[in-house]
Amino acid sequence: MPSKEQLIDALYNEYVFLCHDDFDADVDATPEEYLEMLKEMSYDELITETCTDDTYHISEFMEAWG
């Protein structure tokens, strides 16, 4: 399992990628704001944020974004 820091890095990388083409300043957090939110989350909340499950495994998420 990834560490909390690895999850934060991967989630941040995914968010920056997604914001590149589809960022709306009126509703979306900036990447910096999102990073601060991630830092406040528990490990379990970070896992939930990855949207991984038995079909899309955390290892796949980490390979893509970690």
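**Entry 1. Thr-50**

I take a residue as buried when its relative accessible area is under 20%. With that cut-off I looked up Thr-50 in this predicted model. Its relative accessible area is 3%, so I record Thr-50 as buried. I located Thr-50 in the loop that joins helix 3 (43-49) to helix 4. I then listed its contacts, setting aside neighbours within four places in sequence: Leu-7, Leu-11, Tyr-56, Ile-58 and Phe-61.

**Entry 2. Cys-51**

I turned next to Cys-51, which also belongs to the loop between helix 3 and helix 4. Is Cys-51 buried or exposed? I find a relative accessible area of 60%, and therefore enter Cys-51 as exposed. I also checked the backbone: phi of Cys-51 is near 60°, a positive value in a residue other than glycine. Most residues other than glycine have a negative phi. For position, I noted Ile-8, which is 43 residues from Cys-51 in sequence, with 14 Å between the two C-alpha atoms.

**Entry 3. Glu-14**

I looked up Glu-14 in helix 1, which spans residues 4-22. Which side chain of opposite charge is nearest to Glu-14? I find that it is Lys-4, at 17 Å. A salt bridge requires the nitrogen and the carboxyl oxygen to be within 4 Å. Glu-14 is buried and has no salt bridge. Not counting residues up to four places away in sequence, I recorded that Glu-14 touches Phe-61 and Trp-65.

**Entry 4. Trp-65**

I followed that contact to Trp-65, which lies in helix 4 (residues 58-65). With neighbours within four places in sequence left aside, I listed its contacts as Asp-9, Ala-10, Asn-13, Glu-14, Phe-17 and Tyr-56. Tyr-56 also appears in my list for Thr-50. I then took the C-alpha separation of Trp-65 and Met-1: the two are 64 residues apart along the chain and 14 Å apart in the model.

**Entry 5. The salt bridge**

How many salt bridges does the model contain? I count one. I identified the pair as Lys-39 and Glu-36, whose side chains meet at 3.6 Å, N to O. Both residues are in helix 2 (residues 31-40), and they stand three residues apart, about one turn of the helix. I checked the accessibility of each partner. Lys-39 has a relative accessibility of 44%, so I enter Lys-39 as partly exposed. Glu-36 also has 44%, and therefore counts as partly exposed.

**Entry 6. Negative patch**

I looked for charge on the surface and recorded a patch of negative charge formed by Asp-21, Asp-22, Asp-24 and Asp-26. From this group I examined Asp-22, which lies in helix 1. Asp-22 has a relative accessible area of 62%, so I enter Asp-22 as exposed. Helix 1 also holds Glu-14, which I had entered as buried.

Technical notes:
Residues numbered from 1 in each chain as written. Predicted model: local features only at pLDDT ≥ 70, side-chain atom pairs only at ≥ 80, totals over all residues. Heavy atoms only, no water. Helix = DSSP H or I, 4+ residues; strand = E, 2+ residues; numbered from the N terminus. Buried < 20%, exposed > 50% of the residue type's maximum accessible area, 1.4 Å probe, protein only. Lys, Arg positive; Asp, Glu negative; His and termini not counted. Contact = heavy atoms within 4.5 Å. Patch = residues over 30% accessible without salt bridge, like charges linked within 9 Å, V, L, I, M, F, W, Y side chains within 5 Å. Areas by Shrake-Rupley, 256 points an atom, 1.4 Å probe, with all protein chains shown as cover. Charge placed at Lys NZ, Arg CZ, Asp CG, Glu CD.
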